[in-house]
Amino acid sequence: MEAIPSVIAILTCEKIIIEQGSNKKSLIGVFGQLLTPQVPVVGSFGFYARLTDAEGDYTFKVEIVYANENKPIVRFGTELLQVTDRLGFVELALSVPPVSFPSFGRYELQLYGNEVYLGHVTIDVIQPTETSHGNV
Amino acid sequence: METYETKVFASVLPVGQSVQPDLNRPVRPVAYIQVGWLPPPMPGKVLFGAMPDRRLRFRRPVPLQVYEEDGSIIARSPELDEFGCGTSVADALQDIGKTLAEEYVFLHEQADQLGEALRDQYRRLSEFVEYRPRQ
């Protein structure tokens, strides 16, 4: 069995820019809340994860689960990735196609590596109020 | 001090309208995407590998049973006789992750003074968890 990667960070953002040459990633508009007056709401976004302790061949998968009902609504994944240096870092920088969030509430983006649960990040889809100040 | 409001990036889509992946975005698109109410890949079972303590790492994943009980989600390890609970699957998994990490650190630090039962638990836990070598 492959080593189990440890998660350093998982983030969702509006856009990920990768600098050619240096391969450095810039995460633009990191968010955890999605304000929308009505649902379903559709958005494409960037999914970023930084991992360590990985060594071997991995396919990574993300499941978006509507936490209020524990229902998976979307599943996306990577191609096979080969990692040789366990002490190094792996970065997943994925451009997620438009995803429809069917209801208000909390959505968990659960990250799996070779079907092993590694961690999650949440997106709250909420109705804006007068005191709302945009995405947080 | 100036404040800036972050724009809402999503748009509202009428019910029933289909969406197309935008493959021209600057980052590698995902290899596949499945949409809709999906069945869980392994109903009731999760291989757990989310270590919340940066000093530790998993040697191998911990098989968990995940189920609902009295309105809470329970994640239970039969092998380690430990459980976590929460309002969602991820909450319950996070809870058992903290439990396993705290228990391992405690048992490791008290290893010389453990009774038989706790020594057994430390041995079982050590099959799954270890300290990360200093980098």
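Two strands count as paired if DSSP finds at least two bridges between them. That idea helps with one spot in this predicted model: A:Y117 stands opposite B:F48 in β3(B). The pairing behind it links β11(A) with strand β3 (residues 45-48) of chain B, in the parallel sense and over two bridges.

Now for chain A as a whole. Its secondary structure comes to zero helices and 11 strands, so reading along the sequence gives just β-β-β-β-β-β-β-β-β-β-β. The radius of gyration of chain A is 16 Å, close to the 14 Å that the globule rule gives for 136 residues, so chain A is as compact as a globular protein of that length. Along its principal axes, the C-alpha trace spans about 50 × 35 × 20 Å. Of the 136 residues, 45% count as buried. Sequence distance is worth a look too: take the contacts in chain A between residues at least 6 apart in sequence, and 70% of them join residues at least 24 apart.

Back to β11 of chain A, which covers residues 116-126. Eight of its 11 residues are buried, so this strand is largely enclosed by the rest of the structure. Within chain A, β11(A) runs parallel to β3(A), and three bridges join the two; here A:L35 has A:I126 as its bridge partner. Strand β10 (residues 105-113) of chain A runs antiparallel to β11(A), with nine bridges joining them. In that pairing, A:Q110 is matched with A:H120 in β11(A). β10(A) and β11(A) form a hairpin with two residues between the strands, and A:N114 takes a positive phi near 50 degrees there. As a general point, side chains in a regular strand alternate between the two faces of the sheet.

A few loops have backbone details of their own. In chain A, the loop between β1 (6-18) and β2 (25-30) holds A:N23, which has a positive phi of about 65 degrees although it is not a glycine. A:N23 counts as exposed because it has 9 C-beta neighbours inside 10 Å, and the cut-off for exposed is 12 or fewer. Chain B offers B:D81, in the loop between β6 (72-77) and β7 (82-86). B:D81 is not a glycine either, yet its phi is positive, at about 55 degrees. With 9 C-beta neighbours inside 10 Å, B:D81 counts as exposed. Finally, A:P40 sits in the loop between β3 (33-35) and β4 (41-52) of chain A, and the peptide bond leading into it from A:V39 is cis, with omega near 0 degrees.

Note on methods
Residues are numbered from 1 along each chain as its sequence is written. Chains are lettered from A and ligands numbered from 1 in the order in which they are written. This is a predicted model: local features need pLDDT of at least 70, side-chain atom pairs count only at pLDDT 80 or more; totals for chains, interfaces and linings use all residues. Helices (H or I, at least four residues) and strands (E, at least two) are DSSP runs, numbered from the N terminus. The radius of gyration is taken over C-alpha atoms; the globule rule is 2.2 Å times the number of residues to the power 0.38. A residue is buried if 20 or more other C-beta atoms lie within 10 Å of its own, exposed if 12 or fewer, and partly exposed in between; C-beta atoms are placed from the backbone. Two residues are in contact if their C-beta atoms, placed from the backbone, lie within 7 Å.
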